[in-house]
Amino acid sequence: MKILAIGEIIFDIFGDEAVIGGAPLNFCAHCVASGASAAMVSGVGDDEFGIKALGYLEKFGVDTRFVSTVGKETGKCIVTVRNGQPSYNVMRPAAYDMLDADIKSVREYGADIFAFGTLIQREEKSRKAVRDILGNCTFTDIFCDINLRNGCYDADSCRLCLENATILKLSDEEEPLLAEFGFYESAETEEKLLENIADAFGNIRLILFTKGENGSVIYDVKNREYEYVPSVKTEVVSTVGAGDSYSAAFLCEYFRSGDLAKAGNSAAELSAFVVSHKEAIPQR
């Protein structure tokens, strides 16, 4: 399976420590570790962090052919962790805001899955790159993790995800923020809520709804069936990157076996392993 993700390359800053991150980078690294091939469309600066980022991508086995060096600083995010829960201050502008998409090369890469989210759409140039890929390339599935970061999303970026995703991931913390845009009707039960989202956007075939320590629900839209996945109990050190690892493990197992339960459990196990570490991509 080949995955192409467009998005941010960021160094998460924990006090005096800088750790490589960014949701699509974490996702791609975990996909490779789970047996897939993955490439990123992104940008880094002509600076020390940019050089380090390319080195990390090579270490993780993520293809860098679509990562360009541009005249802005490599992305940074100030992360504050309280009781295991992170808050994020994503600095701007950043190199990934200025990325370009080489459509001919993207087509030649031949990815099965295209992955994107909202943060990469915060600037018009990078949002255009997302739209260009969507409008000119064909994929088996399009995966979107809504991944709402304060000040880095709007109704249009969320709508682009919802209108194009065939597999959608969102968390119970993010859903109320998404609902504020009025794209779908809210509901008293999570089952009805997921049905309303799927009914509003006919392109979606699977919804991954994560609920932290309360596990997750996978909704198979075509069959109107639910898979309830319990969380794996562990000592939480940091939840940074947990959702990205969940997505990677789920997709890799699901495309191997087609088994929702098995994919969901694989996702729960990997995300539990990740939250028991400080870094988003701990060595397995």
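Both faces of strand S2 are covered in this predicted model. On one side Ile10, Asp12 and Phe14 are buried, and on the other side Phe11 and Ile13 are buried as well. In a regular strand, side chains point in turn to one face of the sheet and then to the other. Strand S2 spans residues 10-14, and five of its five residues are buried, which leaves the strand mostly covered.

**Neighbours of S2**

Which strand runs antiparallel to S2? The partner is S3, made of residues 17-21, and five bridges join the two strands. Within this pairing, Phe14 of S2 stands opposite Glu17 of S3. S2 and S3 together form a hairpin, with two residues between the strands. One residue of the turn is Gly15, whose phi is positive, at about 65 degrees.

S2 also pairs with strand S6, which covers residues 75-82. Here the sense is parallel, and the pairing extends over four bridges. Asp12, one of the buried residues of S2, has Cys77 in S6 as its bridge partner. Phe14 and Asp12 lie on one side of S2; Phe14 faces Glu17 in S3, while Asp12 is matched with a residue of S6.

**Salt bridges**

The structure holds 18 salt bridges. The table gives three of them, with the N to O distance for each pair.

| Salt bridge | N to O distance |
|---|---|
| Glu48 and Lys52 | 3.4 Å |
| Arg65 and Asp63 | 2.7 Å |
| Lys76 and Glu73 | 3.2 Å |

How many residues apart are Glu48 and Lys52 in helix H2? They are four residues apart in this helix, which consists of residues 48-60, so about one helical turn separates them. Glu48 is exposed, with a relative accessible area of 56%. Lys52 is partly exposed, its relative accessible area being 39%.

In the bridge between Arg65 and Asp63, the two side chains meet at 2.7 Å. Arg65 counts as exposed, because its relative accessibility is 54% and the cut-off for exposed is over 50%.

The side chains of Lys76 and Glu73 also meet in a salt bridge, at 3.2 Å. Is Glu73 buried or exposed? Glu73 counts as exposed, with 53% relative accessibility. Elsewhere in the chain numbering, Glu195, Asp199 and Arg224 are joined into one network by salt bridges that share partners.

Methods:
Residues are numbered from 1 along each chain as its sequence is written. This is a predicted model: local features need pLDDT of at least 70, side-chain atom pairs count only at pLDDT 80 or more; totals for chains, interfaces and linings use all residues. Side-chain values use heavy atoms; hydrogens and water are left out. Buried means under 20% relative accessible area, exposed over 50%, partly exposed in between (1.4 Å probe, protein chains only). Two strands pair if DSSP finds at least two bridges between them. A salt bridge is a side-chain nitrogen of Lys or Arg within 4 Å of a carboxyl oxygen of Asp or Glu.
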